[in-house]
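The following exercises practise reading a protein model step by step. Please study the sequence and the structure before turning to the solutions.

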Amino acid sequence: SRGLGDVYKRQTLYYTWRVVKGYPQPLRELPQVAAISEGVDRAVELGKPIYVSPGDMAYLEGMYAPMTMAGMNVVRYTVRMAVQRGARVILPVPCNAGTMPLLDGIFREVCVAEGKPEAYKRDDVVWFGPDQSHHSMGLTSLIAREGCACAIFNGATRGGGTNSPCGWAREYGGLVIGGTARLLHQGSWAMLSDYPCFMDDVYAMGAECSGDNIVKSAQVGGDLAKLVVLAMVIVFSILAVVLGTPVADFLKL
């Protein structure tokens, strides 16, 4: 694992160097990002809102912080597109109320930058409480009351806090996009999301939405490292079948 970590570092540094020199490497195609445009168009057509957040566990410190930052990039990208096309966007604030000023600031900044300050609605930045049950019940009630064209939750999510509202968003005909890098919740997003983000797809989606080639370069290096690991798994599996020797024995050589 240490050797693979070194490979990942070298690849990341290499592609970052290429970006600095003016040769960016395109990130893999992400249908989840393309689906955001579809969700915004649905909101305009149906006259129903879009819900977008970095997840109910979006903390700005600790192990969930990288997921939160990736989710914030998706929030900015979605809000900008919604404001440009005249769709209503609602920002559910995570259980961590410390993210409220950041989400509110993104909303306000995008509206002003797009020349539509009147699109900013303070009441559409909603905090339900510090517990996941508050977030789940509050957001579910809001979806039931206002309707839903699209729900985009990409980042640090918890089973009860975000998954339940996603289920209700689907019940009300909403397009669901998102996921989390938390290992134990991949199955939930496979069932609940029309365009799920599995594991590091969360970071790839955030990188793509950021529009920053340097941020994307880290994901390009990570994708190549995964291909190396996949190739190793295939080779060792074939050798184990052909030679009848456990894969672990080859790894010890």
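Accessible areas come from the Shrake-Rupley method with a 1.4 Å probe. By this method, the accessible surface of the protein comes to about 12,300 Å², and carbon and sulfur atoms hold 61% of this surface. The model is predicted.

**Exercise 1. Describe the overall make-up of the protein: how many helices and strands does it have, and what share of the residues is buried?**

Step 1. The protein contains ten helices and six strands.

Step 2. A residue is called buried when its relative accessible area is under 20%. Of the 253 residues in the protein, 46% are buried.

Step 3. Among the contacts with a separation of 6 or more, 71% join residues that are 24 or more positions apart.

**Exercise 2. Determine in what order the strands of the sheet lie, and which strands stand at the edges.**

Step 1. Strands of a sheet pair through backbone hydrogen bonds, either parallel or antiparallel. Here the six strands make an open sheet with parallel pairing, in the order β3-β2-β1-β4-β5-β6.

Step 2. The edges are taken by β3 and β6 (195–198); each has a single partner strand, so one side of each lacks a neighbour in the sheet.

Step 3. On average, neighbouring strands of this sheet are turned by 15 degrees against each other, direction ignored.

Step 4. The pairing of β5 with β6 is parallel and runs over four bridges. Within this pairing, threonine 180 has phenylalanine 198 in β6 as its bridge partner.

Step 5. A helix can now be added to the picture: α4 lies across β2 (89–93) and β3, and runs at about 165 degrees to β2.

**Exercise 3. Explain which parts of the chain are tied together by the salt bridges of arginine 85 and arginine 76.**

Step 1. Side chains of opposite charge can pair when their charged atoms come close. The count for this protein is nine salt bridges.

Step 2. Arginine 85 forms a salt bridge with aspartate 41, and their closest N and O atoms are 2.8 Å apart. Because arginine 85 belongs to helix α3 (residues 65–85) and aspartate 41 to helix α2 (residues 31–46), the pair ties together parts 44 residues apart in sequence. Arginine 85 is partly exposed, at 35% relative accessible area, and aspartate 41 is partly exposed as well, at 39%.

Step 3. Arginine 76 meets glutamate 109 in a salt bridge with an N to O distance of 3.1 Å. Arginine 76 lies in helix α3 and glutamate 109 in helix α4 (residues 100–113), so this pair ties together parts that are 33 residues apart in sequence.

**Exercise 4. Compare the two partners of the salt bridge between arginine 122 and aspartate 104: is each buried or partly exposed?**

Step 1. The side chains of arginine 122 and aspartate 104 meet at 3.7 Å, N to O. Arginine 122 lies in the loop between α4 and β3 (125–127), whereas aspartate 104 lies in helix α4, so parts 18 residues apart in sequence are tied together.

Step 2. Arginine 122 has 39% relative accessibility and is partly exposed. Aspartate 104, at 11%, counts as buried.

**Exercise 5. Identify which residues form the nonpolar surface patch, and locate leucine 184.**

Step 1. The patch on the surface consists of Leu183, Leu184, Phe198 and Met199, which together have about 430 Å² of accessible area.

Step 2. Leucine 184 is found in the loop between β5 (175–180) and α7 (186–192).

Step 3. Exposed means over 50% relative accessible area. Leucine 184 is exposed because its relative accessible area is 79%.

Terms used
Residues numbered from 1 in each chain as written. Predicted model: local features only at pLDDT ≥ 70, side-chain atom pairs only at ≥ 80, totals over all residues. Heavy atoms only, no water. Patch = residues over 30% accessible without salt bridge, like charges linked within 9 Å, V, L, I, M, F, W, Y side chains within 5 Å. Salt bridge = Lys/Arg side-chain N within 4 Å of Asp/Glu carboxyl O. Helix = DSSP H or I, 4+ residues; strand = E, 2+ residues; numbered from the N terminus. Buried < 20%, exposed > 50% of the residue type's maximum accessible area, 1.4 Å probe, protein only. Pairing = 2+ DSSP bridges. Axes fitted to C-alpha atoms, helices over the stretch in contact; angles between N-to-C directions. Contact = heavy atoms within 4.5 Å.
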